[in-house]
Amino acid sequence: MELNKEQILIDRLLLKEEAAWKELFEVYSGNLTYICSRYIIDRDNVHDVLQNSFIKMFRSIESFQYRGSGSLRAWMSRIVVNESLTFLKKNSDFKNCIDDSELPDMTVEEEPDIQHIPEAVIMEMIRDLPEGYRTVFNLFVFEEKSHKEIAEIMGVAENSSASQFHRARAALAQKIREYKRLKIAQYE
């Protein structure tokens, strides 16, 4: 059975080859930066979290278990998400931005059509959400965590996670509608 590029890279990483770590960084840093920037807005903080993530990868590569194509990327993505969440917990009053007891309910009308909106614009809209909304939205949508899992990760009640997600969707839908209105107005 022939080894694929990912398996060969993993073998080189396990041997602590410096060139392999450089290759890993070159191949995956763009995607990992993208993941990190979904959670953390400040560019300098994104770079710090990525650096910490790569250090963690370096120190724990022996614990990595290859489970097929894409498993290395998934492992690295989990590390980046976890490091991003750790950063948010340490550097913000995260429980307060999740506490939604005083926020009014936002209603979600029909889901807006995002078909002709560039992905970069949608991602910027997500990044513009308040920290609590953004974090819960990312964990639910991109990491496919349940509200129970999110509540455990963030140390909040399960209904707070669900409420934050509901409000994030409503806020995002509003941003999409505003974007479309502006685009239509530009062409009139």
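Here are some numbered notes on this structure, which is a predicted model.

1. Let's start with the largest pocket. About 240 Å³ of space lies inside the largest pocket, and 14 residues line it. If you want to find the middle, look for E111, I114, F137, L172 and I176, which lie nearest its centre.

2. Which helices build that lining? Helix 6 (119–127), helix 7 (131–141) and helix 9 (158–187) each give at least two residues to the lining of the largest pocket. Helix 9 has the largest share, with five residues. Sorted by class, the lining is made of twelve nonpolar and two charged residues, with no polar ones.

3. Next, the rings. The structure has six aromatic pairs. In one of them, W21 and F58 meet edge-to-face, with 5.1 Å from centre to centre and 65 degrees between the planes. This pair links distant parts of the chain, as W21 belongs to helix 2 (residues 18–39) and F58 to helix 3 (residues 43–60), 37 residues apart. Are the two partners buried or exposed? W21 counts as buried because its relative accessibility is 12%, below the 20% cut-off. F58, at 37%, is partly exposed.

4. Another aromatic pair joins F64 and W75, and this one is tilted: the centres are 5.2 Å apart and the planes make an angle of 55 degrees. F64 sits in the loop between helix 3 and helix 4 (71–91), while W75 is in helix 4, so the pair ties together parts that are eleven residues apart in sequence. Both F64 and W75 are buried.

5. Some rings form a bigger group: F137, F140, F142 and F165 are linked by ring pairs into a cluster. You have met F137 already, as one of the residues nearest the centre of the largest pocket. F142 also has a charge over its ring, since the charged end of R38 sits there, 4.1 Å from the ring centre.

6. K16 is worth a look, as it has two contacts to follow. K16 lies over the face of F58, 4.2 Å from the ring centre. K16 also forms a salt bridge with E62, where the closest N and O atoms are 3.2 Å apart. That salt bridge links distant parts of the chain: E62 is in the loop between helix 3 and helix 4, K16 is in the loop between helix 1 (5–14) and helix 2, and 46 residues separate them. K16 is partly exposed, with a relative accessible area of 32%.

7. How many salt bridges does the whole structure have? A search finds seven. One of them, between K56 and E83, has its closest N and O atoms 3.0 Å apart. It links K56 in helix 3 with E83 in helix 4, 27 residues apart. K56 is partly exposed at 42% relative accessible area, whereas E83 is buried at 14%.

8. Compare that with R127 and E124, whose side chains meet in a salt bridge at 3.8 Å, N to O. These two are three residues apart in helix 6, so about one helical turn separates them. R127 counts as buried at 18% relative accessibility, and E124 as partly exposed at 40%. Elsewhere, salt bridges link R12, E17 and E23 in a network.

9. Last, find H116 in the loop between helix 5 (94–98) and helix 6. H116 counts as exposed because its relative accessibility is 68%, and the cut-off is 50%. H116 and K180 are 64 residues apart in sequence, yet their C-alpha atoms are 9.3 Å apart in space.

Notes
Residues are numbered from 1 along each chain as its sequence is written. This is a predicted model: local features need pLDDT of at least 70, side-chain atom pairs count only at pLDDT 80 or more; totals for chains, interfaces and linings use all residues. Side-chain values use heavy atoms; hydrogens and water are left out. On a 1 Å grid over the protein atoms alone, a cavity is a set of points where a 1.4 Å probe fits but cannot get out, and a pocket is an open set with protein on both sides within 12 Å along at least five of seven lines; lining residues have an atom within 4 Å of a point. Grid points are joined across faces, edges and corners, and a volume is the space filled by probe spheres set on the points. Helices (H or I, at least four residues) and strands (E, at least two) are DSSP runs, numbered from the N terminus. Ala, Val, Leu, Ile, Met, Phe, Trp, Tyr, Cys and Pro count as nonpolar, Asp, Glu, Lys and Arg as charged, and the others, Gly among them, as polar. Rings of Phe, Tyr and Trp (its six-membered ring) pair if their centres lie within 6.5 Å; planes under 30 degrees apart count as stacked, over 60 as edge-to-face and the rest as tilted. Buried means under 20% relative accessible area, exposed over 50%, partly exposed in between (1.4 Å probe, protein chains only). A charge sits over a ring if NZ of Lys or CZ of Arg is within 6 Å of the ring centre and within 35 degrees of the ring normal. A salt bridge is a side-chain nitrogen of Lys or Arg within 4 Å of a carboxyl oxygen of Asp or Glu.
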